[in-house]
Every structure is written in C-alpha cells, then in structure tokens.
Amino acid sequence: MAQLIKLQDYISRYQRNIFQYPTKYIQLKKEQWEKARHEFLHAKDTGIEAASLEDTEPLRSPFWRRWMRKEEEKPDHRPEVEESPVSMAERKQQFLDGLFSLQLTWASKTLVERSFLAPEYREDERLKFYLQRLPDTYLLMYRPIVTIKKAQMEIEPLLIGPHGVELIYDLSAIPGETVYPSAEKAWYVEENGKQRKIMNPLLSLRRSETYVKSVWKKYNIHLPFRKVVLAPQWTFSGVKEPFQTDYIGRERYAQWLEDKRNTTSPFKHDQLKAAEALLYHCRTSSVKRPEWDVDEEESREE
C-alpha cells in the first residue's frame, strides 16, 4: 500500500520526518495485518463467525481504537454495518480500507497541528487506487499545492519510487476509446465514432515538471523522473511519445501496474531526500490542535 505523504495543502506528519514515518508505517502495517490474519484463520478453524472490522482484536489496540473513535466523532461520519468477511480476500480488503482511513489521518494531522479534510477524499477512487494497489515503498503526493516562480498552483500527482519519480496525469475518469495526441493545446478523443476535444495533458505535466526540475536543481538531486499520461481504457493512436514521457493506454496499463507491484527494492536514501525536498516547497494550511484533541497514547506514538 503506497504511502500518502502529501494531500493538497494539508499538514502531513511525513513533513516532520520523512526518514522515520515511511518505515514506521510499514512496521505497523505488518504487525496489525498478522494479527488480523491470525484472528480470521482462528475464527474460521473454530467455526466462530469472524468479527466485524471494528470488533477484531488487532483493531482493539490503542492505536486503531483511537482512529476508529475519532472517525465516528466526525460530523459527516455515517456508520456502516459491514458483513463479516467470508474469505481471506475480503478480510484483506477490509484491512486495506481501514488503512486508507488511517492514511488520510496521517496526511492531514500531526501531534500539534491539523488541517480540515474535505469529505470527498474519503470517496476518491483514484486516490484509493494508488494507495491500495501499489507497494509500500512508493510515496504519493496527491495534487499538492506548490510554489513555482513565486506563484502557487496545484500540480498533478507525484509518485516517488525507489528508482525514480512519475508525474501522472490520470484520464481514467474520462470516457473514450481512442485518443489522438498532438503538440497543440487540445487532443482529440474518439468514442462511438464521434470526436471531441480535451485539454492536452502535457500542458499540466510540464508545469509539474518545472516544479520538480527547480527542486532538483536547488538541492542537487539526480533522481530520474518521467511524465505519464495514464488512460487504462483508451488506445493511443499513431504518435511518438515526447522525451521522458510515457503514454500508458489499454495495451500497456497492466504491465505498468505489474512492474510496480513487483518492485522489491527498499527505500533509497535519494528517494527520501527527494521526497523531503519536494515536501519542503509545498504550501501547508493548518491550525493548532487544542489540547483536548490529543490523547496520551497519541503523544507517545508521535
């Protein structure tokens, strides 16, 4: 599960120590998953109905209980009744959904500060896709607000892997069958024999590239990066990819995803150094947390 180190302009605890929290998260995840897996298998072997996500032993630990409690206390929280998982795959998905909520918390709150998380991010399927389908050693900055030549703007998601960075323009939500890239301001998309225009994704990716290049130059970073136009339902027709650019359509999407899922490399120092530098030049909007909003257990974990 990739790690969400920056979301928009929210405060992130990864900003406090990018060299500590990625490893800490992986250790926590492994420990809790082993407990959840053991509980599920024990319930299955003994014929006892597996408990719901909130009732399982690993999620009764102070760490998980606290986050579940705070989720329930939110004004927009709507409790859902979950059926007990009948397979290990369902159990794993329940566990990943719990981690998704935790990731949003880590990406919007520290011990002393917090940002106000927009409710739509809890339902953002693309954000959930990146976090749940990619390995732990990938770090995600999701639509961060950055400073470029003294101007602040939102850029495309940055995926920081052990061997390089990908600047991703995601076209998954736009219907279409075939796309005709060009060097102009617009591309043509064909669907059911009809064509329409969309904005050239490379225009936005070049702004993201400008930001990454400026950070690389300032801190003497040499981690490679590529621009990616991601369109898993489309076919790219008759065009040569520009320099340092990949068009990932229907034919290449499965391999693109599989290559990342097969990554076994641990975190690299250059990767974490690059993430630290990128985070430093992002805008952050947050407020102080009142003392009653922080409990003793959270203070120890921070």
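## Arg196 and Glu191

At 27% relative accessibility, Glu191 is partly exposed. Its side chain meets that of Arg196 in a salt bridge, at 3.5 Å from N to O. Arg196 is also partly exposed, with a relative accessible area of 30%. The model is predicted.

## Salt bridges across the chain

The whole structure holds 14 salt bridges. Some share partners: Arg226, Glu241, Asp246 and Arg252 are joined into one network.

Arg283 pairs with Asp9, with 3.0 Å between the closest N and O atoms. This salt bridge links distant parts of the chain, 274 residues apart. Arg283 sits in the loop between helix 7 (269-280) and strand 14 (287-288). Asp9 lies in the loop between strand 1 (3-7) and helix 1. Arg283 is partly exposed at 30% relative accessibility, whereas Asp9 is buried at 10%.

## A buried pair between helices

Arg91 forms a salt bridge with Glu39, and their closest N and O atoms are 2.9 Å apart. Arg91 belongs to helix 3 and Glu39 to helix 1, with their positions 52 residues apart in the chain. Arg91 is buried, its relative accessible area being 1%. Glu39 has 16%, so it counts as buried under the 20% cut-off.

## The second largest pocket

The second largest pocket encloses about 530 Å³ of space. Its lining has 20 residues, and Met1, Lys29, Lys92, Pro135 and Asp136 are the closest to its centre. Helix 1 (21-46), helix 3 (88-106) and helix 4 (125-133) each give two or more residues to this lining.

The lining is mixed in character: eight residues are nonpolar, six polar and six charged.

Notes
Residues are numbered from 1 along each chain as its sequence is written. This is a predicted model: local features need pLDDT of at least 70, side-chain atom pairs count only at pLDDT 80 or more; totals for chains, interfaces and linings use all residues. Side-chain values use heavy atoms; hydrogens and water are left out. On a 1 Å grid over the protein atoms alone, a cavity is a set of points where a 1.4 Å probe fits but cannot get out, and a pocket is an open set with protein on both sides within 12 Å along at least five of seven lines; lining residues have an atom within 4 Å of a point. Grid points are joined across faces, edges and corners, and a volume is the space filled by probe spheres set on the points. Helices (H or I, at least four residues) and strands (E, at least two) are DSSP runs, numbered from the N terminus. Ala, Val, Leu, Ile, Met, Phe, Trp, Tyr, Cys and Pro count as nonpolar, Asp, Glu, Lys and Arg as charged, and the others, Gly among them, as polar. A salt bridge is a side-chain nitrogen of Lys or Arg within 4 Å of a carboxyl oxygen of Asp or Glu. Buried means under 20% relative accessible area, exposed over 50%, partly exposed in between (1.4 Å probe, protein chains only).
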